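Colleague: Before we use this model for anything, I would like to go through the labels attached to it and hear what each of them rests on.

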Amino acid sequence: MKKAVNFDALKQMLGESVAEGDESYEFTWVGKRDAMVEAAKPIRKTLRPCVEESKNFDTTENLYIEGDNLEALKLLQEGYLGKVKMIYIDPPYNTGNDFIYKDDFRMDSAKYAEESGAVDDEGNRMVQNSDSNGRFHSDWCSMIYSRLLLARNLLTDDGVIFISIDDNEQENLKKICDEVFGADSFINLIVAKTKDSSGASGGGEDKRLKKNVEFVLCYGKSNFKAFNPVYGKIPLPQYIKEYNDSGKSFKYTTVYTKLGERTYYKTIKDGSGADILIYKHSGYETKSVSKLAAELNLSEEDVYKKYLDRICTTENAQTSIRTRVQEATDTQDTLYSIDYYPVSGRNKGALTTIYFVGPQKRLINWFNNVCIKEGERVFKKEKVGTLWTDCNWNNVAREGDVPFPNGKKSLDFIKKICSLVTQPNENCIVLDFFSGSATTAHAIMQMNAEDYGNRKFILVQLPEDLDIAKKEYQGNSKEIVENCISFLDENKRGHTICELGKERIRRAGDKILAEQQAKEKSATDKTDLFNSASNKSATAKPLDIGFRVLKIDDSNMKDVYYSAGEISQQDLVEQISNIKDGRTDMDLLFGCLVDWGVPLSLPIKTETIENLQVYNVNDGDLVACFSSDIPEATIRQIAAAKPLRAVFRDSSFKSDSAKINVTEIFKTISPNTTVKVI
């Protein structure tokens with residue numbers, strides 16, 4: 001008996017989905033099958049925690065993984081299958097220019113000719129192949145293809161992946177993504193302006209125009225609905241001019257110079273039965289922007305800056321809240337405000353104040369709801385499209401306080417991408433497996449500080465050796481690498497890309513936390529009639545600026561290469577323990593988390609039972625004890641806690657009967673616990 005495929009029956013099941021004949025529309029390259037096999041090939045690897053290089057190891061839910069990202073993606077398959085809300089990657093662009101990253105995936109001519117069948121057994125060319133055909137792209141396509149196949153599995157059903165790329169491989173990447181995620185899953189191609197075009201002299205150009213944009217490909221999983229509303233910025237004077245030039249009059253022209261005295265009026269109920277407190281205002285005063293500018297001898301732009309939170313327009317909003325306010329108040333030209341807790345929208349769950357004015361109680365829409373002030377400049381918020389010109393790329397080299405020029409992405413750029421998908425009140429995971437200088441981690445921490453969010457990050461980076469790069473490069477590239485090495489020496493860090501990324505997360509996290517604490521300290525309890533709503537939810541968690549460092553390594557278990565006839569008595573003695581020398585309890589614990597598919601960010605408590613160390617992951621998801629000679633009383637105490645999983649070390653038991661007894665104890669006390677002995 002052997003397993004076989006009945007292709008006729010299979011075709012009947014697939015129906016119209018079967019492509020008949022030898023030819024079909026598809027994108028292929030030399031090495032594609034190998035890349036597919038490589039993605040599916042199992043590995044004997046594990047993740048070893050490095051507590052001393054981590055920050056807030058016991059409490060953080062963020063991960064920093066050092067190692068090859070293909071192996072990392074394989075190790076994450078079980079624990080994070082369908083759990084990642086957003087993936088952002090900035091892979092090598094295959095420019096042919098090496099700088100720290102391996103950014104040249106061109107095959108040499110001999111290798112390409114051999115794999116493509118372009119030469120016979122004696123090396124004679126069978127078909128003509130120009131230098132520009134195929135080999136330049138094939139290895140790059142294989143590299144990204146195998147990784148995307150694995151990354152797809154990690155996305156939630158409504159998850160989105162964003163991939164930065166330039167025009168070297170954009171066309172090929174689009175075709176690969178169409179195959180991996182499905183052409184129907186394509187969302188947008190974003191064009192991001194990264195620098196100004198060349199000046200009058202045409203510097204930086206040859207026969208082509210100077211490149212000043214990059215692309216971002218966006219693909220969503222099956223249940224993706226729509227992006228969050230995200231806004232760009234237009235300088236206010238420019239926006240008003242464009243508005244007036246189009247023949248429209250600018251609406252935000254009323255200034256409340258006084259809101260007057262606020263007196264409690266009555267309490268009504270919203271649709272869910274919750275209280276709405278109504279207040280009546282007396283002695284309030286309004287003026288037009290133009291009149292106020294004349295009185296104060298200011299330009300209208302200065303009035304907008306000075307009274308940004310007091311400028312408004314009114315609108316005839318058709319809402320149940322407004323209807324209830326109309327029914328509960330008068331039809332006079334009066335001003336009312338209400339305090340309530342919205343059940344939806346941007347202020348969901350937060351105490352919010354809104355205002356109604358006039359006989360019809362029109363809703364007051366404050367100008368600061370549709371604009372933003374940065375320093376002395378005011379910007380109108382515009383809903384984002386596919387052309388991004390407002391991200392700041394000028395100071396990218398200085399962002400994060402670590403040297404990584406020409407390899408960083410703009411912090412504004414990554415924050416904008418994250419804003420499209422993630423919400424502050426959801427415990428979502430953002431994955432970046434080409435993390436470089438760790439801009440993604442910086443962006444996540446900054447966003448969480450701004451909106452008290454609970455986003456988590458997983459970063460993966462190959463620990464590329466800067467000393468090797470220093471030997472390979474010349475000129476400006478060599479100087480850049482030397483600056484990175486000098487920086488790491490000053491901070492007593494190793495000479496790898498990972499050390500730069502981890503140092504950036506440490507510095508950025510400390511700075512963000514200090515800024516948040518200073519901001520909260522300066523806040524007063526005084527009621528602000530114009531900005532009474534707070535972004536901070538009562539359930540917001542403390543800002544997580546930590547990360548667990550996990551390093552990819554060979555399995556914790558010894559490799560056995562001998563047949564029974566080849567092994568000696570001494571070999572048998574050495575095989576008493578099947579665990580490699582030098583592996584710690586934490587190594588074994590995380591190896592079990594990987595093997596069992598338990599998320600690697602769960603909290604871990606170290607408890608002492610009968611003078612033995614016991615590790616408790618997430619209050620019972622997994623309990624482990626790797627001590628020697630574990631007494632039966634300790635086993636019973638662990639079983640009494642009824643964990644989902646329990647793991648012990650083979651050497652923890654004096655005999656095979658003691659090991660068997662453990663299983664029987666759990667069957668009696670906690671039959672639903674999965675027990676494992678390594």
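Colleague: Which residue in β17 is the bridge partner of G232?

Modeller: The model is a predicted one, and in it G232 has E382 of β17 as its bridge partner.

Colleague: What makes β7 and β17 a pair of strands?

Modeller: Pairing requires at least two bridges between two strands, and β7 and strand β17 (residues 377-383) have five bridges, in the antiparallel sense, so the requirement is met.

Colleague: How do you know which strands are the edge strands of this sheet?

Modeller: The sheet is open, with three strands in the order β7-β17-β16 and antiparallel pairing; β7 (231-235) and β16 (371-374) each pair on one side only, and therefore count as its edge strands. Averaged over neighbouring strands and with direction ignored, the turn of one against the other is 40°.

Colleague: What packs on the sheet, and which strands does it touch?

Modeller: Helix α7 (residues 236-245) packs there, touching β7 and β17, and the direction of this helix makes about 85° with that of β7.

Colleague: Why is K415 called buried?

Modeller: The cut-off for buried is under 20% relative accessible area, and K415 has a relative accessible area of 15%, so the label applies to this residue. K415 is found in helix α11 (residues 411-421), and, leaving aside neighbours within four places in sequence, K415 is in contact with A443, Q446, M447 and E450.

Colleague: What makes the approach between the side chains of K415 and E450 a polar contact?

Modeller: The limit for such a pair of N or O atoms is 3.5 Å, and the side chains of K415 and E450 make their contact at 2.9 Å, so the distance lies within that limit.

Colleague: Which residues touch the most other members of the largest nonpolar core?

Modeller: Those are L148 and L600, in a core of 67 residues, to which helix α5 (residues 135-154) gives the largest share, 10 residues. Apart from that core lies another, of 41 residues, among them M86, C218, W388 and C391. As for L600, its contacts beyond four places in sequence include L47, L63, L76, Y80, R548 and F590.

Colleague: And how much of the chain as a whole counts as buried?

Modeller: Of its 678 residues, 46% do, while the accessible surface comes to about 35,800 Å², with 47% of that belonging to carbon and sulfur atoms. The secondary structure of the chain comes to 19 helices and 26 strands.

Terms used:
Residues numbered from 1 in each chain as written. Predicted model: local features only at pLDDT ≥ 70, side-chain atom pairs only at ≥ 80, totals over all residues. Heavy atoms only, no water. Helix = DSSP H or I, 4+ residues; strand = E, 2+ residues; numbered from the N terminus. Buried < 20%, exposed > 50% of the residue type's maximum accessible area, 1.4 Å probe, protein only. Polar contact = N/O pair within 3.5 Å; in protein donor to acceptor, adjacent residues only side chain to side chain. Contact = heavy atoms within 4.5 Å. Areas by Shrake-Rupley, 256 points an atom, 1.4 Å probe, with all protein chains shown as cover. Core = buried A, V, L, I, M, F, W, Y, C linked by side-chain atoms within 4.5 Å. Axes fitted to C-alpha atoms, helices over the stretch in contact; angles between N-to-C directions.
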